[in-house]
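Grab a coffee and work through these exercises with the structure open beside you. Each task comes with a solution that goes step by step.

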Amino acid sequence: MTQHTENAEPSDAAGRRAAPPIICYEVDTLPSVDMAFYKKARSDMSMTEELTVPPRDARTFAVPAGHIFRIVSIEGPQVGDLNLWNASDLSERFFSGKTRALHATHVTTGDRLWSNLPNLRPMATIVHDTLDWYGWDDDGAGVHDVIGTRCDPYTNMLLRNAAYDNCCHSNLSRALAAAKGISPAQAETHIHDVLNVFMCTGFTKDTHQYFMKASPVRPGDFIEFFAEIDLLCALSTCPGGDCGSSHSDDTTPCFPLGVEICRPTDEALSGWHPAERNSYDGNHGVAVA
Ligand SMILES: [Zn+2]
């Protein structure tokens, strides 16, 4: 918040500030995450598809429910911006804000990526993360954030008065357009706030502003997701590279990212079913007076 303080503190300011913080959502009542199931599923998999996302570009890929997809650092430290949709209905998509509210500002093994309202079901579960050792550093930063949005040409124009069209938003728009046979302008309305894969971010302690720092990711690191429903995914290799210096230019070193889609054995998946669409109809059943 920009400080434009005009009012003196009230005499009971300290008392008001001393109210205890309460966790907003009681996640103990979330459907349980059966890590033993996921561990078994990932212990014996066969790769069904492999692709590479070139630097400053994006690609889409489909992941059937029950498959696991892995995003891999392959040549150098690189951040990826990930979008997820229901493969048969683009109106159901990843809900970064609610995922953040339910889990944390940064996600790792055992956390889920939830879909937007009214669906609100797990689209994917993180089942392995080689950067889980990072935790929280002295700056308060963590890895794989759901607080950033995605770099985009409009904010860049607003702040720097410069045209740059290989931002993640643009890359994701073009990739979705190619996959769906629609124009980038039509596709960009489906682009949403991302999971910032491998990105190391936090909020400054003094002004609480969003900051980034060089990602700790190194070639060989990966994060794995179990698809809880049929997914269409899009991954952009951010023009910020490891996001340790700048954004939205063609000079920062950038690297490709690998994507591997794997199928667990039938035996590992026996008894498992894709997440159901939320059957609760919210406020639609309430009569308006
Ligand atoms: Zn970006």
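**Exercise 1. Salt bridges**

How many salt bridges does the structure hold, and which side chain meets Asp-89 in one of them?

*Solution.*
Step 1. Keep in mind that you are looking at a predicted model. The search turns up 17 salt bridges in it.

Step 2. Now go to Asp-89: its side chain meets that of Arg-277 in a salt bridge, at 3.0 Å from N to O. Asp-89 belongs to strand S5 (residues 89-93) and Arg-277 to the segment after H7, so this pair ties together parts that are 188 residues apart in sequence.

Step 3. Check the exposure of both ends. Asp-89 has a relative accessible area of 23%, so it is partly exposed. Arg-277 comes out at 38% and therefore counts as partly exposed.

**Exercise 2. Two more charged pairs**

Find the salt-bridge partner of Asp-137 and that of Arg-263. For each of the four residues, decide whether it is buried, partly exposed or exposed.

*Solution.*
Step 1. Asp-137 forms its salt bridge with Lys-213, and the closest N and O atoms are 3.0 Å apart. This pair links distant parts of the chain: Asp-137 is in the loop between S7 and strand S8 (142-145), while Lys-213 is in strand S10 (residues 210-213), 76 residues apart.

Step 2. The cut-off for buried is under 20% relative accessible area. Asp-137 has 18%, so it counts as buried. Lys-213 has 23%, so it counts as partly exposed.

Step 3. Arg-263 meets Asp-266 through their side chains, again in a salt bridge, with 3.0 Å from N to O. Arg-263 is at 31% relative accessibility, so partly exposed is the label here. Asp-266, at 57%, counts as exposed.

Step 4. One more thing to look for is a network: salt bridges with shared partners join Arg-42, Arg-70, Glu-224 and Glu-260. Arg-70 also has a ring to deal with, since its charged end sits over the ring of Phe-222, 4.1 Å from the ring centre.

**Exercise 3. Follow the rings**

Which aromatic residues form one cluster with Phe-226? Work out how its pairs are arranged.

*Solution.*
Step 1. A search of the whole structure gives eight aromatic pairs. One of them is Tyr-38 with Phe-226, an edge-to-face pair with 5.1 Å between the centres and 65 degrees between the planes.

Step 2. Place the two rings in the chain. Tyr-38 is part of helix H2 (residues 35-43) and Phe-226 of strand S11 (residues 222-227), so the pair ties together parts that are 188 residues apart in sequence. Tyr-38 and Phe-226 are both buried.

Step 3. Phe-226 also pairs with Trp-272, edge-to-face too, at 5.1 Å centre to centre and with 85 degrees between the planes. Here the link runs from strand S11 to the segment after helix H7 (266-269), where Trp-272 is found, 46 residues apart.

Step 4. Compare the accessibilities with the cut-off used above. Phe-226 has a relative accessibility of 0%, so it counts as buried. Trp-272 has 19%, so it counts as buried as well.

Step 5. Put it together: Phe-226 is in one aromatic cluster with Phe-37, Tyr-38 and Trp-272.

**Exercise 4. Any bonded cysteines?**

How many disulfides are there, and why is Cys-262 not bonded to Cys-233?

*Solution.*
Step 1. The disulfide count is zero.

Step 2. For a disulfide, the sulfur atoms have to be within 2.5 Å. The closest cysteine sulfur to that of Cys-262 belongs to Cys-233 and is 13 Å away, so it is too far for a bond.

Step 3. Take a look at burial too. Cys-262 counts as buried because its relative accessibility is 6%. Cys-168 is buried as well, with a relative accessible area of 0%.

**Exercise 5. Trace the sheet**

In which order do the six strands of the open sheet run, and which strands stand at the edges?

*Solution.*
Step 1. The order is S1-S13-S3-S11-S7-S6, with antiparallel pairing.

Step 2. Strand S1 (45-53) and strand S6 (112-114) are at the edges; each has a single partner strand, so one side of each is left without a neighbour in the sheet.

Step 3. On average, neighbouring strands of this sheet are turned by 25 degrees against each other, direction ignored.

Step 4. Zoom in on one edge. S6 pairs with strand S7 (residues 122-129) in the antiparallel sense over three bridges. The bridge partner of Arg-112 in S7 is Thr-125.

Note on methods
Residues are numbered from 1 along each chain as its sequence is written. This is a predicted model: local features need pLDDT of at least 70, side-chain atom pairs count only at pLDDT 80 or more; totals for chains, interfaces and linings use all residues. Side-chain values use heavy atoms; hydrogens and water are left out. Two strands pair if DSSP finds at least two bridges between them. Helices (H or I, at least four residues) and strands (E, at least two) are DSSP runs, numbered from the N terminus. Axes are lines fitted to C-alpha atoms, for helices over the stretch in contact, and angles run from 0 to 180 degrees between N-to-C directions. Rings of Phe, Tyr and Trp (its six-membered ring) pair if their centres lie within 6.5 Å; planes under 30 degrees apart count as stacked, over 60 as edge-to-face and the rest as tilted. Buried means under 20% relative accessible area, exposed over 50%, partly exposed in between (1.4 Å probe, protein chains only). A charge sits over a ring if NZ of Lys or CZ of Arg is within 6 Å of the ring centre and within 35 degrees of the ring normal. A salt bridge is a side-chain nitrogen of Lys or Arg within 4 Å of a carboxyl oxygen of Asp or Glu.
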